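The following account leads through a sheet, the helices that pack on it and several side-chain arrangements. Please keep the sequence and the model in view while reading.

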Amino acid sequence: VDIRQQRPAIARALVGLPVEAALARIPTLLPICGTAQAVAAARAVEAARGEEESREQFSVRENSLWREQALAAAWRLSVDWPDLLGEARRMEVLKRVYRASGDSECCAALGQMVEGLDPIDDIDGLLGWVRDSENLAARVIRLAQGSGSIDWAEPIPAPSRDSAALRAIASEALAREPFDPLDPAGSPREVGPLAMGRDPLARELQAAGGSTVVSRLLGQLLEARMISGAGKSNRDPGNTPAGAWTVPAGGGVGCAVTARGPVFHRVVLNADTVADWRVLAPTDWHFSPRGPVASRLTAMAGQTRERVALLVASYDPCAPWALH
């Protein structure tokens with residue numbers, strides 16, 4: 001198994017810029033989950049300056065992420081998952097989400113893509129929905145169930161962005177010299193929807209069966225349900241601590257959650273000029289040469305194209321990928 005990511009180290013272009021100019025360029029240079037990238041960047045700069053994010057500012061930023069997360073979840077359900085079944089992409093459905101006039105309408109359109117999931121509050125009910133529904137998402141889960149034991153069940157911690165363990169690992173990876181975002185130092189770990197466990201039922205899945213292709217796909221499904229419900233009510237994220245902290249040498253780390261997991265920015269300032277800027281995204285963790293995808297592909301019995309595609313989809317890369 002040889003995983004090669006071909007993406008430019010774009011954050012290097014920010015070094016030497018005034019910090020405000022660098023912040024303005026983030027959504028353009030890093031357009032995939034650009035809102036989350038901008039939030040993580042702003043938090044990193046504030047931490048480097050020794051500034052503290054207010055509760056009001058935190059809530060505004062968190063609520064700004066729902067629409068972007070809804071769009072990412074809708075893309076998964078209308079483009080990536082139909083591809084797994086060999087079916088036509090659901091572009092009209094995707095357009096309804098993209099063209100929604102506001103967050104509530106956007107998330108409501110996403111909710112229609114996972115119709116019937118709202119009232120389910122236990123694993124038996126979830127598996128019953130998968131068994132009985134003709135929803136495209138249910139049929140993708142059934143495809144994974146029918147493909148046999150694609151990979152092993154592995155217990156995973158819940159590395160939400162306020163996890164002290166995840167902060168320590170992210171800080172180590174971001175500080176290591178030389179820094180390679182496509183091969184993070186330390187122990188690249190799973191940080192996707194199942195691991196985040198933002199939907200309570202995803203946390204139950206974690207505890208009951210650990211991480212497998214099926215449980216990770218179910219985690220993505222539950223994440224779509226959670227996003228649609230959170231966006232419709234404009235719900236405050238609750239008691240989550242601010243996603244930023246200081247690091248040595250005048251630096252700060254900021255974090256924001258995407259539909260694929262947390263993204264981290266590490267910024268070091270010299271006065272008000274960028275001395276160093278580093279980014280670590282969920283795809284970097286998952287598709288590192290030493291990450292969970294590589295280890296599971298290496299151990300996979302019967303590496304058929306269908307099995308590989310299902311395993312890759314269960315980690316949901318943020319860029320196009322090809323299998324050779």
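Two strands are taken to pair if DSSP finds at least two bridges between them. Helices (H or I, at least four residues) and strands (E, at least two) are DSSP runs, numbered from the N terminus. By this criterion, strand β3 is joined to strand β4 (residues 273-280) by seven bridges, and the two run antiparallel. The model is a predicted one, in which local features need pLDDT of at least 70 and side-chain atom pairs count only at pLDDT 80 or more, whereas totals for chains, interfaces and linings use all residues. Residues are numbered from 1 along each chain as its sequence is written, and side-chain values use heavy atoms, with hydrogens and water left out.

Strands of a sheet pair through backbone hydrogen bonds, in either a parallel or an antiparallel manner. Here, an open sheet of four strands follows the order β1-β2-β3-β4, with antiparallel pairing. Its edge strands are β1 and β4, each of which pairs on one side only. From one strand to the next, the twist averages 20°, where axes are lines fitted to C-alpha atoms, for helices over the stretch in contact, and angles run from 0 to 180 degrees between N-to-C directions.

Helix α1 (residues 19-29) packs on this sheet and touches β3 and β4, its direction making about 30° with that of β4; contact means heavy atoms within 4.5 Å. Helix α9 (residues 164-175) lies across β1, β2, β3 and β4 and runs at about 50° to β3.

Strand β3 also pairs with strand β2 (residues 251-258), through eight bridges and in antiparallel fashion. Within this pairing, Gly-251 stands opposite Val-268, and Cys-255 stands opposite Phe-264. The two strands form a hairpin with two residues between them. On the other side of the description, β3 and β4 likewise form a hairpin with two residues between them, and Ala-271 in that turn has a positive phi of about 60°. Leu-269 of β3 stands opposite Val-274 in β4.

How enclosed is β3? Nine of its ten residues are buried, so the strand is largely enclosed by the rest of the structure. Buried means under 20% relative accessible area, exposed over 50%, and partly exposed in between (1.4 Å probe, protein chains only).

The structure holds two aromatic pairs. Rings of Phe, Tyr and Trp (its six-membered ring) pair if their centres lie within 6.5 Å; planes under 30 degrees apart count as stacked, over 60 as edge-to-face and the rest as tilted. The ring centres of Trp-245 and Phe-264 are 6.2 Å apart and their planes lie at 70°, so this pair is edge-to-face. Because Trp-245 lies in strand β1 (residues 244-247) and Phe-264 in strand β3 (residues 261-270), the pair ties together parts that are 19 residues apart in sequence. Trp-245 counts as buried at 12% relative accessibility, and Phe-264 is buried at 0%. Together with Trp-285, these two residues form one aromatic cluster.

Beyond the sheet, His-286 lies in helix α13 (residues 282-286). This histidine is buried, with a relative accessible area of 2%. Neighbours within four places in sequence aside, His-286 is in contact with residues including Arg-189, Glu-190, Arg-260 and Tyr-315.
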